[in-house]
Amino acid sequence: MIIIDGKKISSDMKQELKHSVETCRQKYNAVPGLAVIIVGEDPASQVYVRNKAKSCKETGMNSEVIELAAETSQEELLSKIEVLNADPDVHGILVQQPLPRHIDEYAVTMAISPLKDVDGFHPENVGQMVLGNLDKCFISCTPYGILELLSRYNIETKGKHCVVIGRSNIVGKPMANLMLQKLKETNCTVTVCHSATQNMPELTRQADILIAAIGRANLITKEMVKPGAVIIDVGMNRIEDASRKSGYRLVGDVDYEHVSKTASAITPVPGGVGPMTIAMLLKNTLQSFMQAQGAAQSL
Ligand SMILES: NC(=O)c1ccc[n+]([C@@H]2O[C@H](COP(=O)([O-])OP(=O)(O)OC[C@H]3O[C@@H](n4cnc5c(N)ncnc54)[C@H](OP(=O)(O)O)[C@@H]3O)[C@@H](O)[C@H]2O)c1
């Protein structure tokens, strides 16, 4: 059984990116820059934003964290995005979700220039991705990170049955779409499950590759998995744990303890998909920088 080590792969990628950023500095006398906006004081979001900024710095990229008060109006947020859209030193713009209720997430997504939308959420990027024009878009970071894991672990995917559980716009839908495409690391037959799916275990047991993006702790049990399947667990769920100082621990959507005994490969939580999301965000920021220099190819 292989434990797919996202922590190691993301650390390898950060080293590779650091090298590329240094080449940018020498060649263009500039480095990629990422601006992250956070509205309000959600503690989990603050941790994510801090981690993104820290990772940026580790690779030598510039990072700017813009902290706005929870009561910031939508208009103010949109005008801040406008300023960043026009700033030549900013190559990636990310607005941390969730946003306060009075702000329309769709309006925010639409305000970010597709050329700086390193989250890959803008309809222009989503559309190009669905069309298979992957060199003309930013792929959303979590599905992109999963492709990278499948590729770096040489997981055979061609003609395999991939079952994706979850149909969110940020994970399930782009993931299912990518697995369907004719790429080296995809080319699967794809089934998508969601909360209205009937007889889900019957479908999951057919999966050669099972991708769980649900947000329900340990929902996927050993009985739902075909022996020898590859398991990708996107879920990040906090469960109470009195033995921890924090009072909780993170678990995935998959019952790791039992499923890992029957799977051929599995991503742990934490340390699987999570670290890859940030690595791909940085990769997208580098791609944006290269496009801004008029360079078609990455370094
Ligand atoms: N590792 C990372 O970097 C990363 C990144 C993003 C998200 N995540 C984690 O991944 C999980 C999913 O995130 P998300 O943003 O996609 O969540 P989401 O928007 O809440 O979507 C969850 C999906 O799961 C489906 N679902 C819920 N309960 C189900 C059930 N009992 N059986 C089958 N399907 C069910 C929902 O179906 P309906 O559509 O019918 O409601 C929905 O499509 C969360 O734990 C999140 O924290 C991790």
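Helices and strands are DSSP runs, numbered from the N terminus. The model used in these exercises is predicted.

**Exercise 1. Cis peptide bonds**

Locate Pro270 and Pro98 in the chain, and describe the peptide bond that joins each to its partner.

Solution.
Step 1. Pro270 sits in the loop between β11 (265–266) and α10.
Step 2. The bond joining Val269 and Pro270 is cis, with omega about 0°.
Step 3. Pro98 belongs to the loop between β4 (92–95) and α4 (105–111).
Step 4. Gln97 and Pro98 are also joined by a cis peptide bond, and omega there is about 0°.
Step 5. For background, most peptide bonds are trans.

**Exercise 2. Positive phi**

Describe the backbone angle phi, the location and the exposure of Asn154 and of Asn218.

Solution.
Step 1. Most residues other than glycine have a negative phi.
Step 2. Asn154 is not a glycine, yet its phi is positive, about 50°. Asn218, not a glycine either, has a positive phi of about 55°.
Step 3. Asn154 lies in the loop between α6 (141–152) and β5 (161–165). The loop that holds Asn218 runs between β7 (209–212) and β8 (230–233).
Step 4. A residue is exposed if 12 or fewer other C-beta atoms lie within 10 Å of its own, and buried if there are 20 or more. Asn154 has 8 such neighbours, so Asn154 is exposed. Asn218 has 17, so Asn218 is partly exposed.

**Exercise 3. Two charged residues**

Decide whether Lys14 and Glu185 are buried, partly exposed or exposed, and list what each touches.

Solution.
Step 1. Lys14 is part of helix α1 (residues 6–28). Glu185 is in the loop between α7 (172–180) and β6 (189–193).
Step 2. Lys14 counts as partly exposed because 19 C-beta neighbours lie inside 10 Å. Glu185 has 21 other C-beta atoms within 10 Å and is therefore buried.
Step 3. Leaving out residues up to four places away in sequence, Lys14 touches Ser55, Glu58, Thr59 and Ala279. With residues up to four places away again left out, Glu185 touches Leu147, Leu150, Ser151 and Thr157.
Step 4. Sequence separation and distance can be set side by side. Lys14 and Met175 are 161 residues apart in sequence, and their C-alpha atoms are 23 Å apart. Glu185 and Lys158 are 27 residues apart in sequence, with 7.6 Å from C-alpha to C-alpha.

**Exercise 4. Helix packing**

Classify the packing of α1 with α2, of α2 with α10 and of α6 with α10, and name the residues in each contact.

Solution.
Step 1. Two packed helices are described by the angle between their axes and the distance between the axes. Angles of 65 to 115 degrees count as roughly perpendicular, under 35 as roughly parallel, over 145 as roughly antiparallel, and the rest as oblique.
Step 2. The axes of α1 and α2 cross at roughly 55° and come within 8 Å. This angle makes α1 oblique to α2. In this pair, Lys14, Leu17, Lys18 and Val21 of α1 meet Ser55, Glu58 and Thr59 of α2. The contact of α1 with α2 holds two nonpolar, two polar and three charged residues.
Step 3. Helix α2 (residues 43–59) packs against α10 at an angle of about 55°, the axes being 10 Å apart. α2 and α10 are therefore oblique to each other, and their crossing is right-handed. On the α2 side are Asn51, Lys52, Ser55, Cys56 and Thr59, which meet Ile278, Leu281 and Leu282 in α10. By class, the contact of α2 with α10 has four nonpolar, three polar and one charged residues.
Step 4. The axes of α6 and α10 cross at roughly 105° and come within 8 Å, so α6 and α10 are roughly perpendicular to each other. From α6, the contact includes Cys141, Tyr144 and Leu149; from α10, it includes Val273, Met276 and Asn284. The contact of α6 with α10 has nine nonpolar, four polar and one charged residues.

**Exercise 5. The ligand shell**

Describe the residues around the ligand by distance, by class and by the element that contributes the largest share.

Solution.
Step 1. There are 26 residues around the ligand, and Gly166, Ser168, Ser195, Gly215 and Thr277 come nearest.
Step 2. The shell divides into 12 nonpolar, 12 polar and two charged residues.
Step 3. Helix α10 (residues 273–292) gives the largest share of the shell, three residues.

Notes:
Residues are numbered from 1 along each chain as its sequence is written. This is a predicted model: local features need pLDDT of at least 70, side-chain atom pairs count only at pLDDT 80 or more; totals for chains, interfaces and linings use all residues. Helices (H or I, at least four residues) and strands (E, at least two) are DSSP runs, numbered from the N terminus. Two residues are in contact if their C-beta atoms, placed from the backbone, lie within 7 Å. A residue is near a molecule or strand if its C-beta atom, placed from the backbone, lies within 6 Å of it. Ala, Val, Leu, Ile, Met, Phe, Trp, Tyr, Cys and Pro count as nonpolar, Asp, Glu, Lys and Arg as charged, and the others, Gly among them, as polar. Axes are lines fitted to C-alpha atoms, for helices over the stretch in contact, and angles run from 0 to 180 degrees between N-to-C directions. A crossing is left-handed if the near helix is turned anticlockwise from the far one by less than a right angle, and right-handed if clockwise.
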